[in-house]
Amino acid sequence: MTQDSRAKNSMTQNAALVQWVEECARLTRPDQVIWCDGSAAERDRLTKQAVDAGVLLPLNHNKRPNCYLHRSNPNDVARTEQLTFICTPTKEEAGPTNNWSAPDEMYARMRTMLDGSMRGRTMHVVPYVMGPLGSPFSRVGIELTDSIYVVLNMRIMTRMGKQALDQLGDSGEFNKGLHCTLDVNPDRRLICHFPQDNTIWSIGSGYGGNALLSKKCFALRIASWLGKTQGWLAEHMLILGLESPRGEKTYIAAAFPSACGKTNLAMLTPPPTFKDWKVTTIGDDIAWLRVGPDGGLWAVNPEAGYFGVAPGTSYKSNLNAMKMVGHDSIFTNVALTPDGDVWWEGMDTEPPDGLIDWKGDAWKKGSKDKAAHPNSRFTTPMTNNPAISPMADNPQGVPISAIIFGGRRATTVPLVMESHDWTHGVFMGATMGSETTAAASGAVGVLRRDPMAMLPFCGYNMGEYFGHWLAMRRNISRPPKIFLVNWFRKDSEGNFLWPGYGENMRVLKWIVDRVNGRAQGVPTPVGVVPHAADIDLTGLEIAPDSIRRVLAVNNSEWHAEMESAAKFFGTIGKSMPSELAESCRKLVDDLDGAAAEERPAASR
Ligand code: GTP
Ligand code: SPV
Ligand code: MN
């Protein structure tokens, strides 16, 4: 870097940072390099530029002030797991659940594609902090990107701009993210992580988790590895606060796979009979957890905004989400109404005449194609959320009393159950399964093992990850209780047995009561499951048969479940902790024992 260009950069004196930006610019050859300061003036300038370039479409500012619609390339509407790599020195470090490539080979391959790739474009330097400013949890990242859409989303999703450079100071410890849109061709799309270098290179996609490098790439894949080496956890978890009518506060973290209800649970509106309960949101997608001075587990949300699933969001299902996307939000791949507003499947209103679909084409009522893409999203600052917790920005985080794991399961898994202890809780998380959703490209509705909802996001060997979870217990003297939930169990006609959404408050109350030793449950081999009478169902119209079925533990289903879990454990190889394989065997024995007990005397 020349004396001259250093003098021109008034934003930072950080030599390591300036040198790295120079290096990336020499490789990609942008026409200009702009350092983002995060100011409102900068946002306005970039927004205008994006509108002029057709990247953003202004919505009706009377109906939805400061809101914009972005349509991505139809080949680029979800994360692409098959094109996502963990590049560690050995394949073993990435483990059998990740795509792996040797770092040198991947750098070389990508360097060829990045050579001169930003010619005619602007490189934006986006400094950001993950976690509350000044928090011991927080980490700084820098994303270099040629996409204005990415910059504007990063501005909402993170604490972005000068504040990040101030927090970084002279330190060379920052995540180095390089993102180049190229020509949005799936053949030239790669999302690559180099944990040992704290580096992410992402090319060929402009969408969500592929391109907003702060999110899944840094805050989960790289951070999970940092957590492993530094003794903390980076998880695909929402964080919520619950306040009982008596003022008792409980904080809960919950891991569900993509598009399985984190955003909805994080900001749920309790049903009328629970109106004196308060639910507040700390985070809706990612939690960083560490052991506090009190020996408990404390969590922060590293993000500052929500990148939420639009379809299914309505005043009825998620009032707070509808309110928060009323202004200052970016919508991606939703449908456009003739009066310049947004629409998606599952909204409260019928689709109006003259609707334009997510691709920009006229959409006809009754069409078999969706008007909004199933993975269409809103980007909204967390400060828009009417239910935001006063603790959302707390540098110390919040103390977690319960951890919930959950998947999308039509069968087998009851509405809720509690683990017997930490190891069993880790086992519950590790054996979790879920049906795939539109959040990643590929088939939807296919059951797969998705341990801790981290299958696509763990930046190192999954067996080591399980080991890290088990080992964390040694440092936690006051461990949270661990639960498994399932909002998605269905009857034989394919209808959900449980109404979900706000009604999930009833399950949260049982969990809070269990944490405080106040609620009953039935011990079963798979966990402690409430009786229908143990869950507060006042004011809920639900058939007694439905509640019985949603809570049922079926022995043969669980045998099949454990067979599948054991098979999955078998694929992990020698890093698989023996305690968990042992838990699996013990559970099968217990199931056999329970079945023998249940058998009527006559058949014995
Ligand atoms: P990511 O942002 O991809 O990580 O997703 P998420 O886990 O935050 O999921 P989200 O809350 O956005 O919900 C995904 C989909 O599941 C939406 O279409 C919701 O309407 C639906 N959903 C959420 N909660 C429930 C529930 O309790 N029951 C049912 N049946 N559907 C739900
Ligand atoms: C997810 O898929 O879990 C998301 C959306 O939260 S994305 O940012 O695309 O990863
Ligand atoms: Mn997610």
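Two strands are said to pair if DSSP finds at least two bridges between them. In this predicted model, strand β18 and strand β22, which spans residues 377–381, meet that requirement with five bridges and run in the antiparallel sense. Within this pairing, V309 sits opposite R377 of β22.

The two strands belong to a wider arrangement: an open sheet of five strands, with mixed pairing, in the order β2-β3-β19-β22-β18. The edges are taken by β2 (57–58) and β18 (305–309), and each has a single partner strand, so one side of each has no neighbour in the sheet.

R377 is a helpful residue to follow from the sheet to the ligands. It is listed among the residues around ligand 2, a group that also includes K215, K216, H236, S258, F307, A439 and F457. Several polar contacts can be traced here. A polar side-chain atom of R79 lies 3.0 Å from an oxygen atom of ligand 2, while a polar backbone atom of G209 is 2.9 Å from an oxygen atom of the ligand. The side chain of D285 also takes part, with an N or O atom 3.4 Å from an oxygen atom of ligand 2. On its own, ligand 2 would expose 290 Å², and the protein buries 98% of that area.

R377 appears again beside ligand 1, which is surrounded by 22 residues; the closest are A259, K262, N264, R377 and Y501. Backbone atoms make polar contacts with this ligand too: a polar backbone atom of T263 is 2.8 Å from an oxygen atom of ligand 1, and a backbone N or O atom of P311 lies 2.9 Å from one. From a side chain, an N or O atom of N504 is 3.0 Å from an oxygen atom of ligand 1. Taken alone, ligand 1 has 650 Å² of accessible area, of which the protein covers 93%.

Another spot worth a visit is T436, found in the loop between β26 (433–435) and β27 (447–449). T436 counts as buried because its relative accessible area, 16%, is under the 20% cut-off. Its side chain reaches the backbone oxygen of A443 at 2.8 Å. Beyond its neighbours within four places in sequence, T436 is in contact with A443, V444, G445, V446 and R448.

Finally, a word on confidence. The chain averages a pLDDT of 96, and 97% of the residues score at least 70. Residues 1–7 stay under 50, and the model has four contacts for them beyond four places in sequence. Where pLDDT is low, predicted coordinates should not be read in detail.

Key
Residues numbered from 1 in each chain as written. Chains lettered and ligands numbered in written order. Predicted model: local features only at pLDDT ≥ 70, side-chain atom pairs only at ≥ 80, totals over all residues. Heavy atoms only, no water. Helix = DSSP H or I, 4+ residues; strand = E, 2+ residues; numbered from the N terminus. Buried < 20%, exposed > 50% of the residue type's maximum accessible area, 1.4 Å probe, protein only. Polar contact = N/O pair within 3.5 Å; in protein donor to acceptor, adjacent residues only side chain to side chain. Contact = heavy atoms within 4.5 Å. pLDDT = per-residue confidence, 0-100. Near = heavy atom within 4 Å. Areas by Shrake-Rupley, 256 points an atom, 1.4 Å probe, with all protein chains shown as cover.
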